[in-house]
Amino acid sequence: MAAKAICFESGCSKPAICRGRCQYHDGRWRAGYAPWPTRAAPGAPIAFARKALEMETDDCILWPHGTCAKGSQWNYGVLFDPDTGEDIRAHRWVCTKAHGSAPEPSMQVRHLCHNTLCVNKRHLAWGTNKEN
């Protein structure tokens, strides 16, 4: 009998079910995040957001750092804003820097690409709850 394949992600010993990964890591890969959650170095999230602001691409720029998905059906990137001293959703920070403040307080950031982890300024726009 052939030996069962093991997930190739470092430190995982679960059986591989698809693309060489276990169910957990394959699910993370399909959802667009790193297969193995990692802790970001201090300052790395804000540095990534600033770099994303400078990028000129039509492709999604996926947030690789912390998210606020716990207990939520939505998965948004989160960063610490040194200007305000508070945590903020990464896409909202990028949209504010790229397009200015929300025209009205009730407006939300819309992901035109429908990918909640995307922080590409070209894919983000202010809109109403109905538009979103």
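Which residues does H91 touch, not counting residues up to four places away in sequence? Let's start there. H91 touches Y76, V109, H111, C118, V119 and L124, where contact means heavy atoms within 4.5 Å.

Before I go on, a word on what we're looking at. This is a predicted model, where local features need pLDDT of at least 70, side-chain atom pairs count only at pLDDT 80 or more, and totals for chains, interfaces and linings use all residues. Residues are numbered from 1 along each chain as its sequence is written, and side-chain values use heavy atoms, with hydrogens and water left out.

Okay, back to H91. You'll find H91 in helix α3, residues 90–99. When I say helix, I mean a DSSP run of H or I with at least four residues; a strand is a run of E with at least two, and both are numbered from the N terminus. H91 has a relative accessible area of 7%, so it is buried. Buried means under 20% relative accessible area, exposed means over 50%, and partly exposed is in between, using a 1.4 Å probe and protein chains only.

H91 has company in there. The buried residues of α3 are A90, H91, W93, V94 and C95. And what covers them? The cover includes α2, β1, β2 (86–89), β3 and β4. Right after the helix comes G100, with a positive phi near 85°.

Let's stay with W93 for a moment, since it also sits in α3. W93 counts as buried because its relative accessibility is 4%. Leaving aside neighbours within four places in sequence, W93 is in contact with I46, A49, R50, L53, L79, D81 and I88. If you want a distance to check on screen, try W93 and V109: they are 16 residues apart along the chain, and their C-alpha atoms are separated by 9.7 Å.

Now look at α2. Its buried residues include P45, I46, A49, A52 and L53. They cover an arc of only 120° around the axis, so they lie on the same side of α2. That arc is taken from the directions from the helix axis to the C-beta atoms. Over on the other side of α2, K51 and E54 are exposed. The cover over the buried residues of α2 includes β1 and α3.

Next up, charges. Side chains of opposite charge can pair when their charged atoms come close. How many salt bridges does a search of the whole structure find? It finds four, counting a salt bridge as a side-chain nitrogen of Lys or Arg within 4 Å of a carboxyl oxygen of Asp or Glu.

Take E56 and K121, whose side chains meet in a salt bridge at 2.9 Å, N to O. This pair links distant parts of the chain, 65 residues apart: E56 is in the loop between α2 (44–54) and β1 (78–81), while K121 is in the loop between β3 (108–111) and β4 (124–127). Are these two buried or exposed? E56 has 54% relative accessibility, so it counts as exposed, but K121, with a relative accessible area of 16%, is buried.

E56 also forms a salt bridge with R122, and there the closest N and O atoms are 2.7 Å apart. Again, distant parts of the chain are linked, with R122 and E56 66 residues apart. R122 counts as partly exposed because its relative accessibility is 38%.

Then R122 meets D58 in a salt bridge too, at 2.8 Å, N to O. D58 is in the loop between α2 and β1, and R122 is 64 residues away in the loop between β3 and β4. At 59% relative accessibility, D58 counts as exposed. Put that together and you get a network of salt bridges linking E56, D58, K121 and R122.

Last topic: cysteines. How many disulfides does the structure hold? Zero, where a disulfide is a pair of cysteine sulfur atoms within 2.5 Å. For C12, the nearest cysteine sulfur belongs to C22 and is 3.8 Å away. C12 counts as buried because its relative accessibility is 11%. For C113, the nearest cysteine sulfur is that of C60, 3.7 Å away. C113 has 27% relative accessibility, so it counts as partly exposed.

That's my tour, thanks everyone!
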